[in-house]
Amino acid sequence: MLFGRKKKKAKEEEAKRLAAEKKAAEEKAAAEKEANERVAKEKAAAEKVAKEKKATETKKVEKTEPKKENKTQSKPEKTETKPVKQESEEETDVEVEIEEAGKTRKAIYRVIFDKEDRLWKIKKDGAKRVIDSRRTKEEALERVQELSQSQDSKFVVYKKDGKFQKKTNLNLKSTDKGDN
């Protein structure tokens with residue numbers, strides 16, 4: 001009889017454990033479903049915002065030239081379309097500089113803060129590896145100036161939060177935007 005009671009108690013405990021596991025699995029599935037729905041909603045909202053932004057960027061200003069009347073031939077009007085620009089001039093200038101550097105094959109160095117390592121890293125466009133790492137921004141700027149002077153190239157500096165700070169063209173012997 002003693003063994004029967006132990007077996008019965010063990011079966012009951014096993015049933016309780018299985019029920020608890022099943023309940024936990026159902027709760028986990030429900031939480032995952034909610035998370036997936038939330039992510040889907042956020043993604044849809046982000047896509048909507050991106051579409052709206054793209055729509056405002058692609059508004060075109062049409063400029064028409066006046067018709068030249070020619071009695072022997074009629075020519076259709078020429079229309080010229082220009083996209084509306086909403087970017088700041090600094091960011092656009094940086095993009096233009098990057099494109100120009102890509103055409104002329106000159107390197108552009110970037111000084112970027114790595115939050116995980118807490119180091120200022122110097123990278124060259126197109127390279128997979130980091131050229132140099134420094135503890136302070138001043139040390140990194142000194143090093144990138146040396147590199148860009150030796151390579152006759154440009155460098156771009158970013159703030160600690162990753163936003164654009166300044167670009168430098170050492171061909172002008174300048175380290176700040178305002179200096180020439």
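The following exchange concerns strands S3 to S5 and helix H3 in a predicted model.

Visitor: Why are S3 and S4 called paired strands?

Guide: Two strands pair if DSSP finds at least two bridges between them. S3 (residues 108-114) and S4 (residues 119-124) share six bridges in the antiparallel sense, so the criterion is met. Within this pair, Arg110 stands opposite Lys123.

Visitor: How do you know that S4 and S5 pair as well?

Guide: Four bridges, again in the antiparallel sense, link S4 to S5 (residues 130-134); at least two are required, and therefore these strands are paired. Ile122 stands opposite Asp132 in S5.

Visitor: Which residues in the two hairpins have a positive phi?

Guide: Arg118, in the turn of the S3 and S4 hairpin, has a phi of about 55°. In the hairpin of S4 and S5, with five residues between the strands, Gly126 takes a positive phi near 90°.

Visitor: How do you know that the length of H3 fits its number of residues?

Guide: H3 (residues 137-151) has 15 residues and reaches 21 Å from its first C-alpha to its last. At 1.5 Å a residue, 21 Å is expected, and the span is close to that value.

Visitor: What puts the buried residues on the same side of H3?

Guide: Lys137, Ala140, Leu141, Val144, Leu147 and Ser148 are buried, that is, under 20% relative accessible area. They cover an arc of only 130° around the axis, which puts them on the same side of H3. On the other side, Glu138, Gln149 and Ser150 are exposed.

Visitor: What do the buried residues of H3 pack against?

Guide: They pack against S3, S4, S5, S6 (154-158) and S7 (164-169).

Methods: Residues are numbered from 1 along each chain as its sequence is written. This is a predicted model: local features need pLDDT of at least 70, side-chain atom pairs count only at pLDDT 80 or more; totals for chains, interfaces and linings use all residues. Side-chain values use heavy atoms; hydrogens and water are left out. The expected span of a helix is 1.5 Å times one less than its number of residues. Buried means under 20% relative accessible area, exposed over 50%, partly exposed in between (1.4 Å probe, protein chains only). The arc is that of the directions from the helix axis to the C-beta atoms. Contact means heavy atoms within 4.5 Å.
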